[in-house]
Structures are given as structure tokens and as C-alpha cells.
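Visitor: I'm new to this one, could you show it to me and walk me through a helix and any enclosed space?

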Amino acid sequence: MRTAYSVETVRAAERELMDRLPEGALMQRAAAGLAAACAGLLGRVYGARVALLVGPGDNGGDALYAGARLARRGAGVVAVPMDPERVHEGGLAALRAAGGRLAGRLEGRVDLVVDGLLGIGGRGGLRPAAAELARQAAAAREAGALVVAVDLPSGVDADTGEVAGDAVTADATVTFGAWKPGLLVDPGAGRAGAVRLVPIGLEPGEPPVLEALQYADVAGRLPVPGAASDKYRRGVVGVVAGSARYPGAAVLAVAGALRGGAGAVRYVGPAGDEVLARYPETLVHDGAPGKAGRVQSWVVGPGLGDDRSAVGEVLASDVPVLVDADGLRGLDPDAVRARPAPTLLTPHAGEAAALLGVSRDEVESGRLAAVRELAGRYGAVVLLKGSTTLVAGPAGGPVRVNPTGTPWLATAGSGDVLSGLAGSLLAAGLTAPDAASVAAHLHGLAARLASSGGPVLAHEVAEALPRAWREAGRS
């Protein structure tokens with residue numbers, strides 16, 4: 001499990017470690033790791049042109065000491081301070097002793113720009129001087145330079161990933177001691193590039209605020225049938241989806257459920273003919289959900305259109321329920337909170353905004369806050385779809401982030417496939433947080449397998465789910 005910690009927790013761990021180490025030792029550890037990462041990106045250090053964007057804090061010191069190491073290996077290193085009156089004295093002296101120099105701005109062609117403007121304590125966007133240097137870094141990157149951020153890109157909020165105004169966009173980020181949430185949650189994650197964690201001996205004393213399942217974590221949670229399994233032991237999922245206008249939503253949700261490992265799928269809705277034409281193994285019922293037969297979970301909402309009469313009946317059941325798409329419209333928080341069984345809500349940003357009564361932009365810019373607020377308000381597990389998929393529970397604790405997504409998933413119907421997949425995992429007995437997290441992982445992996453770097457359609461994502469399952473299960 002990859003874990004990320006709050007700024008407060010990281011700061012406390014740094015203070016505790018510094019109390020046990022000689023003065024300056026922690027910064028030297030960070031600088032050594034930063035210099036090694038920069039050298040790896042450059043390939044050849046001797047003769048390389050390196051520019052350091054230097055802030056007044058410890059990140060500026062890390063950059064200066066790393067620059068001194070690169071200069072001693074033959075790189076031409078110039079430091080551009082955000083404030084010439086406030087530069088880390090020891091780092092500046094080390095850089096000058098190694099042959100580096102100061103400059104007033106980033107000039108000429110460079111091979112590598114090191115962003116040491118702000119650290120993890122930066123809040124509220126860049127001040128004018130830092131914003132100007134960020135723009136200079138962007139121009140250098142456009143001209144072919146690589147940009148490496150120290151700990152996280154300047155302008156990104158370390159705790160939330162939020163970006164207010166100008167911010168550095170890095171090709172790589174070298175972070176120290178522990179992951180920070182802003183490196184895993186968009187829009188900040190999109191600014192970080194490839195992230196390298198440099199161990200420096202930190203021992204966080206508080207639980208993480210964010211976690212990401214890795215392949216081994218997913219493999220350990222996949223429900224695998226045994227010799228005594230039958231369709232009921234594997235899980236039967238009920239799907240209430242589709243309408244005369246949106247029959248494809250029903251087909252795609254059923255596809256996600258069937259290819260997600262369900263022992264059987266009971267479909268309820270007006271698109272039975274379309275579902276049977278594609279998946280004859282589906283058990284189709286044209287009456288009320290309560291008369292469809294035994295299920296171990298329900299998926300309700302994809303493509304329902306204006307007729308959402310079945311949502312209330314499904315919510316009144318005593319099995320886990322996933323609510324998506326049209327089922328989320330007008331959803332009553334009290335009805336969800338009163339349920340005796342787990343509920344999983346799977347909104348995209350627009351649906352989350354409607355549930356919270358805020359703008360879509362507010363959700364997109366503050367995804368962590370939005371998913372936590374939704375989970376608390378509805379007493380449910382919430383999977384917030386988007387550029388980074390987040391999963392939060394009603395009792396707090398770490399929010400999960402999915403690392404396997406791809407922009408190609410921004411296609412009609414892919415959310416319907418995800419709903420069916422997550423519903424099948426609920427029916428198999430996974431907890432709602434695990435069902436949501438594993439489904440998001442498999443869904444993203446399937447999209448990558450299906451797309452091969454190009455466009456992909458929702459039904460192709462569903463068809464690739466068995467391959468994604470096999471790949472994840474090998475870990």
C-alpha cells in the first residue's frame with residue numbers, strides 16, 4: 001500500500017528526526033537523493049546546463065546543495081533566487097565553492113531546471129516573484145529542458161493537490177521521506193510528473209490521510225472461486241438500469257457485472273431484449289426489483305432517465321447497494337443513512353456538485369474535500385470519478401486514490417461498466433471501500449489494456465476486464 005501523510009505529520013516527523021541527527025544532516029540526505037535523481041535524468045552530468053530556482057526555505061537549500069554536487073561533477077550550474085536577500089547561506093556557499101553562480105533570471109538554454117521555490121508548507125498560490133520564475137521554467141520546458149520539482153511542484157497544495165493560479169509543471173518530482181497527498185490527487189498530481197520517493201529516515205507518527213492500492217494489494221482482495229463455489233457463493237448482482245432512451249447503459253452495466261466475476265446477474269428494466277441479445281446468460285425480470293429473485297447486491301441508476309421509481313425500493317433492501325448516474329439525482333441523505341447495509345455512491349464531478357449544492361469547478365479544484373463531504377453527508381462510501389478516482393468512507397480515515405486511470409476512460413458508458421464491476425465485487429463479499437478501490441483499479445487497467453495508447457470504447461473496456469483481472473491476480 002502506498003501511503004501519503006499530511007504536512008503536519010511530515011513536519012513533526014522531520015523535527016523528531018532532526019533532533020537525533022547532526023545539524024544539517026537531514027538536508028544533506030535530501031540533497032544527495034535529489035542530485036542522484038537529476039543526474040539520472042540528465043544521463044551525462046559533465047557539461048550539462050542546470051538552473052536552480054531557489055526559494056528562501058529548506059527546499060531552496062536542498063536545491064543549492066544538490067546543485068553543488070552536480071557542479072562538482074562538471075555541470076554548469078546557475079541559481080536564480082526568488083528573493084536575493086533571502087537565500088540559504090550554507091547551500092549558497094556550497095554552490096559557489098563548487099563553481100556555481102547566481103543570476104537574476106533564467107536565461108539561455110538549459111538542460112535541467114530544478115524547482116526549489118516553495119516547500120510543502122506553500123499555500124494559496126504563488127506570490128508574484130515565484131509566479132514569474134514558474135513562467136520562466138515553463139518557457140524553458142517548452143524549449144526542451146526537463147523540470148524537476150523538489151518535494152512537490154511549487155504552487156501545488158501538499159495536503160489537497162489544489163492549485164490556485166500559477167504553478168510549476170514538472171517532468172519529475174523528487175519527494176523526501178513520505179508521499180504527500182498533493183502528489184496523488186489532481187490537479188496537483190498532473191503537475192508532478194514521475195515521482196521518486198527518497199527515503200531519509202522519517203517515521204510518521206500519525207496514520208496516513210491517503211492511500212493507494214498497489215498490485216499486490218489488489219491481488220489479495222480479488223475474489224477467486226473455489227472447488228465448492230456455485231453461482232450464489234460467487235455472488236449474484238441485481239442491475240436496475242437502462243430506459244427506452246438509454247438501453248446501452250443497461251447492456252454496459254450488465255457487461256461490467258458479468259466480466260467482473262459475478263456468479264449471475266439479474267437484470268431489471270425495460271432493456272431486457274437488448275441485454276439478452278448481447279448476454280444470454282443474464283436473468284431478466286420485467287417487474288419490480290423486489291420480485292426479481294435473490295441477489296447479494298444491487299446496482300441502480302445507469303441510464304434510468306426520468307423514471308427513478310425503483311431507486312427507493314432498491315435502497316429499502318438489506319443488501320449492499322451501488323447508486324450511480326440517474327439514481328443519484330434527488331437522492332435523500334436520510335434514506336441512505338438509514339440503510340442497514342452498505343451503500344456505495346459513484347458520482348462524477350457534475351453529479352457530486354449537484355449532491356453538494358456547489359459548482360462543478362469547486363468539486364474539480366477541491367476533490368479531496370468534496371469526496372469527504374459527500375461520504376459524511378450521506379453516511380456512505382463514495383467513489384468520486386475523474387482524472388484521479390477517489391474513494392472515501394463515512395467514518396473518515398484514509399481516502400483511497402486509484403493510480404491506474406487513463407484519460408481514454410473519458411468516454412460514454414465507461415462509468416456504467418465501472419458500476420457493474422463494483423456491484424459484482426460487492427456481491428462477492430468485498431467491503432464497499434475494497435469493492436470501489438479494486439473496481440477502479442481493474443477498470444483503469446482494462447482501459448489501458450484495451451486502448452494501447454489510442455481511443456477506446458466502453459464495451460471494449462468491459463471486454464478487457466478478464467485480462468485486467470488476470471494481470472492483477474499475478475501479483
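Guide: What follows takes up one helix and then the space inside the protein.

Guide: This is a predicted model, in which local features need pLDDT of at least 70 and side-chain atom pairs count only at pLDDT 80 or more, while totals for chains, interfaces and linings use all residues. Residues are numbered from 1 along each chain as its sequence is written, and side-chain values use heavy atoms, leaving out hydrogens and water.

Visitor: Why does the span of α3 agree with what a helix should have?

Guide: Helix α3 (residues 58–72) has 15 residues, which at 1.5 Å a residue should span 21 Å, and its end C-alpha atoms are 21 Å apart, so the two agree. The expected span is 1.5 Å times one less than the number of residues, and helices are DSSP runs of H or I with at least four residues, strands runs of E with at least two, numbered from the N terminus.

Visitor: Is α3 mostly covered or not?

Guide: Mostly covered, as 12 of its 15 residues are buried, meaning under 20% relative accessible area with a 1.4 Å probe, protein chains only. Among them are Asn59, Asp62, Leu64 and Tyr65.

Visitor: And what follows α3?

Guide: Gly74 follows α3, and its phi is positive, near 105°.

Visitor: Switching topic, how many cavities are there?

Guide: There is 1 cavity of 30 Å³ or more, a cavity being a set of points on a 1 Å grid over the protein atoms alone where a 1.4 Å probe fits but cannot get out. The largest cavity has a volume of about 60 Å³.

Visitor: Which element gives the largest share of its lining?

Guide: That is α17, with 3 residues; lining residues have an atom within 4 Å of a point.

Notes. Buried < 20%, exposed > 50% of the residue type's maximum accessible area, 1.4 Å probe, protein only. 1 Å grid on protein atoms, 1.4 Å probe; cavity = no way out; pocket = protein on both sides within 12 Å on 5 of 7 lines; lining within 4 Å. Points joined across faces, edges and corners; volume = space filled by probe spheres on them.
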